[in-house]
Amino acid sequence: MDTNIIEQLNRIEKLLVEQQTLQKQVLNFNETCNYLELSQSHLYKLTSTGAIPHYKPNGKKIYFQREELDHWLLRNRMDSQDEIEQQAADYLIKKGRVKL
C-alpha cells in the first residue's frame, strides 16, 4: 500500500514539473532536454554546431526560448501523399499537359 502511494506521488510530482515547464518562456538546459526529449550529449552537439537557437548570457549557462524551440521542431514539414499527388496534378494542369 505504501509503495502504491509513493508511486502515485512521484507521478503527480513529475506531472507538476512538466506542467511548470510548459508555462515557462525561457528554459534552462535540463528543462530543454526534457521538453525536446533529447539526451544531454545530443543537445550539446546541436548547440555547438549552431543547429538550434540558444542563448548564453554569461558565456557559460545555456538557455532556450520555448517559442523558438517550437518553431525549430516544426521546420522541414513533410507533405502527405495526398498533398504530393495534388501538387503533381496542379503542375500538370498548369503546364497544359493534362486537359480536364
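These questions and answers take a few labels in this structure and set them against their definitions.

User: What kind of model is this, and how are residues numbered?
Analyst: This is a predicted model, where local features need pLDDT of at least 70, side-chain atom pairs count only at pLDDT 80 or more, and totals for chains, interfaces and linings use all residues. Residues are numbered from 1 along each chain as its sequence is written, and side-chain values use heavy atoms, with hydrogens and water left out.

User: Why is α5 called a helix, and what span does it reach?
Analyst: A helix is a DSSP run of H or I with at least four residues, numbered from the N terminus. Helix α5 covers residues 81–94 and has 14 residues, so it qualifies. From first C-alpha to last it reaches 20 Å, close to the 20 Å expected at 1.5 Å a residue. The expected span is 1.5 Å times one less than the number of residues.

User: What follows just after α5?
Analyst: Gly96 takes a positive phi of about 75° there.

User: Which residues make the contact between α2 and α4?
Analyst: Helix α2 (residues 29–36) packs against helix α4 (residues 66–73). Thr32, Tyr35 and Leu36 of α2 meet Arg66, Leu69, Asp70, Trp72 and Leu73 of α4. Contact means heavy atoms within 4.5 Å.

User: What makes five of these contact residues nonpolar?
Analyst: Ala, Val, Leu, Ile, Met, Phe, Trp, Tyr, Cys and Pro count as nonpolar, Asp, Glu, Lys and Arg as charged, and the others, Gly among them, as polar. The contact therefore divides into five nonpolar, one polar and two charged.

How values were computed
Axes fitted to C-alpha atoms, helices over the stretch in contact; angles between N-to-C directions. Helix = DSSP H or I, 4+ residues; strand = E, 2+ residues; numbered from the N terminus.
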